[in-house]
Amino acid sequence: MSTPQEIEAGVFEEIANELKIEAAELRVDTKISELEASSLSVMEIIFAIEERFNIELPYSANDLAGLQSLGQIVEAVENTLQSNANTA
Amino acid sequence: MRRVVVTGMGVVSSIGNDRETFWDSLKSGRSGMRRVGTEYGDPAPVPIVADALDFDPAPWVSESRIGLMDRFAVMGVAAARQALDDAGLAVTPESAPRIATIFGNGGGGYVILDESYRRLYQDGKTRVHPLMIPKAMPNAVSSGIAMELGFKGPNYTVSTACASSNHAIGQAYWAVRSGVADAAMTGGCEALLAHGVLKAWAAMRVVGRDVCRPFAKSRTGMILAEGGGAYLLEELEAAKARGARIYGEIVGFGMSADAKDLVAPDVDGCARAMQSALDDAALSPEEVQYINAHGTGTLANDATETKAIRQVFGAQADRLAVSSTKSMHGHALGGAGGIEFAAVLMALTQGILPPTISLDEPDPECDLDYIPHAARKADIDVAVSNAFAFGGLNAVVAARRVDS
């Protein structure tokens, strides 16, 4: 399983790729809303992260409360990987 | 200009497969939503759907034709047969070329596409059904209606996602109004509840994990449905002359494009479609008393639609009643406007406004009178039906009560 550092780097890389920005600009307390990402970009980012880690994230366009900062996305990836590992 | 009235209607939906059952469900606030088991794939691609489980086309569609169509077209033809029988219009060699068919459908034969591709990619089969192509084409429904009912006039299918039905109804209205046709069968239908398609909807993250709660603070998204509605439109004097029952007069149609976002709705675009329908009808905002909202139950739609209604109706927005019947029959996409126009016409003729159920606590962003929980008695003269599609295409129909 990936280390927390690898997960964070992977999440940042997918976001940077989608938004055509430098991953080095991203921090865990960066809010998605600060990145000027359209609703479509957010969907594409989530998809890219899910594909990279082969997981399904609990994300809904109708409930943005849970995944507002990049740290929350990293945490959701970690939790999902952990829970998949536990049930495997 | 000729005046255009509705003399027949038919409905297929999760809350009734004929006009009477459908209206009884709307009046009593009955939901057609149910939790999905493994029938659309395991694990379930979406948690809840509003499917027309007990739909049986046998009373309305000839047996030989049922096998030639995918589920969406069978539903559309069934609704059209109901509407023609309801209207009691005779189709003769003289009248047939003057009857148009303009029908809405968003996706075509998604069910047969899903089944066929599964055979090829998963089951290792080497053949698909020989009629896969003509079954899957979206215009299979308007063609099927023409063949089943003998209408030989102008015929086409409108495909504008969730606005398909309203675009079709508006086009049919204009065709009869202008004299291109003397009568028209219109409406729309959709049936795309299949594993691959449901996975695609789930991927968009707009599908609710709970029942559909339009305008509610706790709403979690739309609930996918199937079904449709069909309407026979006739010129007013001709309808009167043959003593037809009249459900209402279509008085205005408006449409617009957001020209903005692929999926996010736009206040200005929605407002321009409503304003355009009022202008086409020469109606003032004060004359409108009821709006059947697009009201999908997504975060984006319900707040945007509310703002658009306020923008168009001004002070009248606080006086008119708005409801989303999708809270009961779910979102039938290209068939949604077709189902919802029945709610509008029945509200006009019966003096009862259908409710928005499951609206326990409204979102502060949604601050209109949504007729929460229970139907309401109200004699109204003018009602509007909204439909806003992915791709930013909007279509709004206005109808008026006709006293018999």
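Two exercises with worked solutions follow, both on a predicted model.

**Exercise 1.** Describe how helix α10 of chain B and helix α11 of chain B pack, and decide which word suits their relative direction.

*Solution.* Two packed helices are described by the angle between their axes and the distance between the axes. We begin, then, with those two values: α10(B), residues 267-281, and α11(B), residues 299-313, pack at an angle of about 45°, and their axes lie 8 Å apart. Angles under 35 degrees count as roughly parallel, and those of 65 to 115 as roughly perpendicular; the two helices are therefore oblique to each other. As for handedness, the crossing in which α10(B) passes α11(B) is right-handed. Turning to the residues that make the contact, α10(B) contributes V267(B), D268(B), C270(B), A271(B), M274(B), Q275(B) and L278(B), while α11(B) contributes T304(B), K307(B), A308(B), I309(B), Q311(B), V312(B) and F313(B). Sorted by class, this contact of α10(B) with α11(B) comprises 9 nonpolar, 3 polar and 2 charged residues.

**Exercise 2.** Find how many cavities of 30 Å³ or more the structure holds, and state which residues line the largest cavity.

*Solution.* Rolling a probe the size of a water molecule over the atoms shows where empty space is left. The count comes to 1 cavity of 30 Å³ or more, and the volume of the largest cavity is about 30 Å³. Its lining is formed by I15(A), I32(A), L35(A), V42(A), I45(A), L70(A) and I73(A). The elements that give two or more residues to this lining are α2 (39-53) and α3 (70-87), both of chain A. Finally, sorting the lining of the largest cavity by class gives 7 nonpolar residues, with no polar and no charged ones.

Definitions and conventions
Residues numbered from 1 in each chain as written. Chains lettered and ligands numbered in written order. Predicted model: local features only at pLDDT ≥ 70, side-chain atom pairs only at ≥ 80, totals over all residues. Heavy atoms only, no water. Axes fitted to C-alpha atoms, helices over the stretch in contact; angles between N-to-C directions. Helix = DSSP H or I, 4+ residues; strand = E, 2+ residues; numbered from the N terminus. Parallel < 35°, antiparallel > 145°, perpendicular 65-115°, else oblique. Left-handed = near helix turned anticlockwise from the far one by under 90°. Contact = heavy atoms within 4.5 Å. Nonpolar A, V, L, I, M, F, W, Y, C, P; charged D, E, K, R; others polar. 1 Å grid on protein atoms, 1.4 Å probe; cavity = no way out; pocket = protein on both sides within 12 Å on 5 of 7 lines; lining within 4 Å. Points joined across faces, edges and corners; volume = space filled by probe spheres on them.
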